[in-house]
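The following account leads the reader through selected features of one structure, moving from individual side chains to the packing of helices. Please keep the sequence and the coordinates in view while reading.

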Amino acid sequence: MSPSSHRQAPVPPWKNLLGALSLLAAALIWTSGLVNSLSRPSVAPSLNLQQQEVQLLAEPALPDTLGSVLRGGENPRSMLKGSLEQIPAADRSWRQAQLLDLLQNVVATVPEINAADDPLLDRLLCEARGGTPGDCINPAVARSAAVRLSVSALLPLVTAITGSALLLGQGWRLWRGRRESWPDLKGPTLTLLDMALLVAGGFVVISAVGVPLLALPLVSRLTAGLDSPRREAVGVVINYSVMALPSLLILRRQLASLPKDITPEGGWLQWRWRPLPGAFFTALAGWFKVTPIVVLTGWLLVRLFGDPGGSNPLLELVLESRDPLALSLLALTAVVLAPLFEEVIFRGTLLPVLARRTGSVSGVVLSGLLFGMAHISIGELAPLTVLGIGLALVRLSSGRLFPCVLMHALWNAVTFVNLLLL
């Protein structure tokens, strides 16, 4: 029996009113959040400083030609010194002030530094006190930094080349009329009103109210005895779990209300875990194809409007953390929890409903835009919208949700590893 043969019960007025209020409240929350994100600092300056520090540490272990290519032909000391000088004195951390003094040949009154804790500061202090390069340079540290720098530079290059080649190949096939047919898009037979209640009401409004009211006191109680950064990492896991729970409960109730006799093979969400090799290959190919476009979008945004700021605070936590447990918890959130939850909502539920009601193209674009807005970062809105569109196309082309989860997890994992390399 087809879904259209089931007569839908009339929608009660209170449900329409609740949906309208949810949309209005979500629009206000997202608009306010996007505007407020402009006042959040960008992670780009911190990334730039970290990269320059790694370049200076790696310099003794890099051949001249390779070192010149990786740092763009500039002297790493001059680059780091110039970047530190651009930071207002009142905004420099103690460490940044000490690094700048040492790079300016000012012998600062720095206490003895453990080389394992801060190899760059230890090296510069050694040199400032008259040590020779042979005494001050740790070959093992230099080699490790050279490997990290090479991987962080070559990985995006290899990804861009491979992704561009795959996109050109797909474009050639389209031009030759050889595009593979896509399976019929299957998903929950929910309404746009259901999506308003799920995404606007559950994902935005209830989470925006529930996280401060429920999660913050719980986080404070559970992390009272923890030191930073473990305290922040535990808070991230709890906050994200509390934020996800309302939407998942609403979705569970909505799916349970659908007629059992029209449930498609594989379930409403179309996880379709098997075959696993095909899912991994689809996810990898999708990641390669979307990465150059996302990177190009971000680059154009900065070139045209400058760095708007508003980076995800999680990026700063990863960049600054050295605690293995804290990093593990942050990785759990970024690589496991976020892909699972967000793909269920945006590609498992929202995309099929929008595509059925507005058409496939509109569904892909709208679901991608809502995915970008959900991260409430004006600086990341355009790149994340492009990523959301790429994930939606993987869902359409494969007919499966599991590859989308894998692709999303791969994207977050590569971003996480790049931060760790720096």
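Phe203 has a relative accessible area of 7% and is therefore buried, the cut-off for that class being under 20%. The structure is a predicted model, and the values discussed here are computed from it.

The aromatic residues offer a natural continuation. Across the whole structure, a search finds 8 aromatic pairs. One of them joins Phe203 to Phe341: the ring centres are 5.6 Å apart and the planes lie at 25°, so the pair is stacked, since planes under 30 degrees apart fall into that class. Distant parts of the chain are linked by this pair, as Phe203 belongs to helix α9 (residues 192-222) and Phe341 to helix α13 (residues 324-358), with the two positions 138 residues apart in sequence. Phe341 is buried as well, its relative accessible area being 4%. Both residues belong to one aromatic cluster, which also contains Tyr240, Phe346 and Phe371.

A further buried position is found in helix α8 (residues 139-175), where Thr159 lies. Its relative accessibility is 4%, and Thr159 therefore counts as buried. Which residues does Thr159 touch, leaving aside those up to four places away in sequence? The contacts are Trp287, Phe288, Thr291 and Pro292.

Ser360 presents another case. This residue lies in helix α14, which comprises residues 360-374. With a relative accessible area of 44%, Ser360 is partly exposed, because the value falls between the limits of 20% for buried and 50% for exposed. Ser360 and Leu185 are separated by 175 residues in sequence, while their C-alpha atoms are 9.0 Å apart in space.

The last topic is a pair of helices. Two packed helices are described by the distance between their axes and by the angle between those axes. For helix α15 (residues 381-398) and helix α16 (residues 402-421), the axes come within 9 Å and cross at roughly 150°. The two helices are therefore roughly antiparallel to each other, the threshold for this description being over 145 degrees. The crossing in which α15 passes α16 is right-handed. On the α15 side, the contact involves Leu387, Gly390, Leu391, Val394, Arg395 and Ser398; on the α16 side, Pro403, Cys404, Met407, His408 and Trp411 take part. By character, the residues of this contact divide into 7 nonpolar, 3 polar and 1 charged.

How values were computed: Residues numbered from 1 in each chain as written. Predicted model: local features only at pLDDT ≥ 70, side-chain atom pairs only at ≥ 80, totals over all residues. Heavy atoms only, no water. Axes fitted to C-alpha atoms, helices over the stretch in contact; angles between N-to-C directions. Helix = DSSP H or I, 4+ residues; strand = E, 2+ residues; numbered from the N terminus. Parallel < 35°, antiparallel > 145°, perpendicular 65-115°, else oblique. Left-handed = near helix turned anticlockwise from the far one by under 90°. Contact = heavy atoms within 4.5 Å. Nonpolar A, V, L, I, M, F, W, Y, C, P; charged D, E, K, R; others polar. Buried < 20%, exposed > 50% of the residue type's maximum accessible area, 1.4 Å probe, protein only. Phe/Tyr/Trp six-rings, centres within 6.5 Å; stacked < 30°, edge-to-face > 60°.
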